Amino acid sequence: MGGCIMSGNIRLYNTSGYVELQAPSSASAQVLELPTDSIKPALVHLHTENFSAVSSVSVDDVFSSEYENYRLILDTTSTANVEWSLRLRVSGADNSTANSYVTQKLTASASTVSGSRTTHDNWSFGEHQNVQGNGHDAIIWRPFAAEKTSFWNNTAATASNAYLSIRTGTHNQATSYDGFTIYQASGTFSGTLRIYGYRNS
Amino acid sequence: MADVLIVNAKTGERIERDFTPEELAQREADRIAAEEAEAARVAEEEAKIAAKQSALQKLAALGLTEEEAQAIVGA
């Protein structure tokens, strides 16, 4: 990528084009602003957290009015092959309202495919099917809005035998949440959690 | 090695601590509920397999080939 100054603005080039950064309109301005028609990334990185041998990870103050929808990317190992749960959270407290979280599961291992639905005080968000490594790719829709919240998650066991677990879920509480807790009922897990916000426009 | 990690994404503050007695009780309840749900799922799966096997045997007794019977029950 190269760069040059055109008429006071800055253009950053790569092989497929350029992004132009607008120069300050006055000498006293301190901030460069992107033109309104410039390319903006759809996903905005909000937080990355590394954790080791924990049973529960809570993230506060990550959902806000700035983004409606969020993406969670996790890479984990676990000491046990267990279900992995998520509870939404606000002001430092989990919401564990009975029967407020519904999860629909679809799992596939080799040629065996099965589905099930659960209603609990948490989402059955994913699973650690193989202790050697699991990838999780999730979307949470509108957690900050004081409306019902939903999610989608795809868990893939990344060890020698591939395993697929797709989950969707709804939560019937019209509450505004600023965070979440992920946990498993037995054993501990380690890994990296990355959280992104989807730009609204 | 703490049980619980609480992170504030805005401030970066990290709290690592062990479970409180209430959280330990909740964890135990979660573990039991998870085991019961898994047992129910396995039982349902086994019942489906048993029903399918029974259907296959009955269809074979009617004179259907194994391929024809499996096509009917969706095996």
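In the predicted model, Ala2(B) lies in the segment that precedes strand 1 of chain B. Because 17 C-beta neighbours are found inside 10 Å, a count that falls between the limit of 12 or fewer for an exposed residue and that of 20 or more for a buried one, Ala2(B) is classed as partly exposed. When neighbours within four places in sequence are left aside, the contacts of Ala2(B) comprise Glu16(B), Arg17(B) and Asp18(B) in its own chain, together with Val54(A) in chain A. Glu13(B), by comparison, is separated from Ala2(B) by 11 residues in sequence and by 16 Å in space, taken from C-alpha to C-alpha.

The contact between Ala2(B) and Val54(A) belongs to an interface in which 18 residues of chain B are in contact with 23 residues of chain A. On the side of chain B that touches chain A, the elements contributing two or more residues are strand 1 (4-8) and helix 1 (21-61) of chain B, and helix 1 of chain B supplies the largest share, eight residues. In composition, this side of chain B consists of 10 nonpolar residues, one polar residue and seven charged residues.

Strand 1 of chain B also takes part in pairing across the two chains, since it runs in the parallel sense with strand 5 (residues 56-60) of chain A over five bridges. Within strand 1 of chain B, Asn8(B) is the residue that stands opposite Asp60(A). A further link between the chains is provided by Val57(A), which touches Leu5(B); if residues up to four places away in sequence are not counted, Val57(A) additionally touches Glu49(A), Phe51(A), Thr181(A), Ile182(A) and Leu193(A).

Val57(A) is also among the residues with the most contacts inside the largest nonpolar core, a set of 34 residues in which Val59(A), Tyr70(A), Leu72(A), Ile182(A) and Ile195(A) are listed alongside it. The element that gives the most to this core is strand 16 (residues 189-198) of chain A, with four residues. In soluble globular proteins, nonpolar side chains tend to be buried together.

Chain A as a whole contains 16 strands and zero helices. Of its 201 residues, 34% are buried. Among the contacts in chain A that join residues at least 6 apart in sequence, 69% are between residues at least 24 apart.

Conventions. Residues are numbered from 1 along each chain as its sequence is written. Chains are lettered from A and ligands numbered from 1 in the order in which they are written. This is a predicted model: local features need pLDDT of at least 70, side-chain atom pairs count only at pLDDT 80 or more; totals for chains, interfaces and linings use all residues. Two residues are in contact if their C-beta atoms, placed from the backbone, lie within 7 Å. Ala, Val, Leu, Ile, Met, Phe, Trp, Tyr, Cys and Pro count as nonpolar, Asp, Glu, Lys and Arg as charged, and the others, Gly among them, as polar. A nonpolar core is a set of buried Ala, Val, Leu, Ile, Met, Phe, Trp, Tyr and Cys residues joined through C-beta atoms within 7 Å.
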